[in-house]
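Colleague: I'm new to this model and would like to look closely at one part of it. Please pick a single piece and walk me through how it sits in the rest.

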Amino acid sequence: MTQPQIVFYGDSIVSGYLRGGSPDTRFSSILANLLGAQELNYAIDGLGYLAQPPVGPDTIELIQQNMLKQAPKADLLMVCLGVNDVPLMRDYAPQVFAAVHEQLTQIAEARNGQPTLISMYYPGTQLGERSLALVDYLEQQCQELGLTFTRALIGATGGLPQFHHNDRIHPNPAGHALLAQAALAAVRELHVPALQGTTEDR
């Protein structure tokens with residue numbers, strides 16, 4: 001039997017920044033292992049829908065294009081983006097919303113109805129006004145485009161210091177383990193045939 005495949009696309013939470021989840025203890029790797037799937041990880045620290053990390057636009061475009069090329073072949077695409085856009089919401093909310101619409105439209109077209117989980121990480125349990133506006137817009141766009149949005153990664157660590165690095169933003173390995181369990185529950189709700197079994201079920 002061919003091993004199922006999950007494509008992950010996102011920011012430092014997906015990359016495992018600060019070694020908090022890279023390469024084997026980041027939530028995406030844990031999740032893929034639990035589901036018996038191959039992980040294809042396309043992540044850039046600092047990436048957002050509008051937020052641009054200091055790696056150069058060519059690098060960002062290449063990773064995005066590689067993700068979109070691989071996405072139609074995967075059993076699941078999981079996207080985790082948005083937290084880096086929150087600071088931009090103060091002065092550039094229309095531009096953030098336009099970037100969200102453009103990228104989610106590309107993702108929806110690439111997936112063509114296949115299971116797609118859109119998420120946003122947030123370290124605390126209470127969203128501020130700008131964060132909530134972005135999350136609400138993400139959810140609205142997903143509904144319109146036939147994608148699935150989950151809030152499972154928002155506050156999954158409870159905002160507790162024992163689950164974060166000293167920056168109080170990025171999860172440490174214990175925090176990534178919590179994110180993986182939260183993501184697992186969200187994936188199970190999608191009922192993807194190739195991803196129904198976990199290592200604990202076998």
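Modeller: Let's take strand 3 and start with one of its pairings: strand 3 and strand 4 (residues 116-119) run parallel and are joined by four bridges. One of these links Cys80 to Ser119 in strand 4. Two strands count as paired when DSSP finds at least two bridges between them, and the numbering of strands (E, at least two residues) and helices (H or I, at least four) follows DSSP runs from the N terminus. Keep in mind that this is a predicted model, where local features need pLDDT of at least 70 and side-chain atom pairs count only at pLDDT 80 or more, while totals for chains, interfaces and linings use all residues. Residues are numbered from 1 along each chain as its sequence is written, and side-chain values use heavy atoms, without hydrogens and water.

Strand 3 also pairs with strand 1, again in the parallel sense, this time over five bridges. Cys80 turns up here too, as the bridge partner of Gly10. Zoom out and you find five strands in an open, parallel sheet, ordered 2-1-3-4-5. Strand 2 and strand 5 (148-150) are the edges, each pairing on one side only. From one strand to the next, the twist averages 20°.

Now for what lies against the sheet. Helix 4 packs on it, touching strand 1, strand 3 and strand 4 (heavy atoms within 4.5 Å). The direction of helix 4 makes about 170° with that of strand 3, using axes fitted to C-alpha atoms (for helices, over the stretch in contact) and N-to-C angles from 0 to 180 degrees. Helix 5 packs on the sheet as well, touching strand 4 and strand 5, and its direction makes about 155° with that of strand 5.

How hidden is strand 3 itself? Five of its five residues are buried, so the strand is largely enclosed by the rest of the structure. Buried here means under 20% relative accessible area (exposed is over 50%, partly exposed in between; 1.4 Å probe, protein chains only). Leu76, Met78 and Cys80 point one way, Leu77 and Val79 point the other way, and all are buried. That fits a general pattern: side chains alternate between the two faces of the sheet in a regular strand.

Back to Cys80, which is buried at 1% relative accessibility. Don't go looking for a disulfide (cysteine sulfur atoms within 2.5 Å), as the structure holds zero of them. Cys80 can't bond because the closest cysteine sulfur, in Cys142, is 12 Å off, which is too far. Cys142 is in no disulfide either, and it too counts as buried, at 1%.

Last, the packing. In the largest nonpolar core, 38 residues strong, Tyr49, Met67 and Leu104 touch the most other members. A core is a set of buried Ala, Val, Leu, Ile, Met, Phe, Trp, Tyr and Cys residues joined through side-chain atoms within 4.5 Å. Strand 3 (76-80) is among the elements giving two or more residues to this core, alongside strand 1 (5-10), strand 2 (38-43), helix 3 (57-70), helix 4 (89-111) and helix 5 (129-145). Helix 4 gives the largest share, nine residues. Leaving out residues up to four places away in sequence, Leu104 touches Tyr49, Ile118, Leu138, Gln141, Cys142, Leu145 and Leu147. Another core, of 25 residues, lies apart from this one and includes Ile13, Leu34, Ala37 and Leu179.
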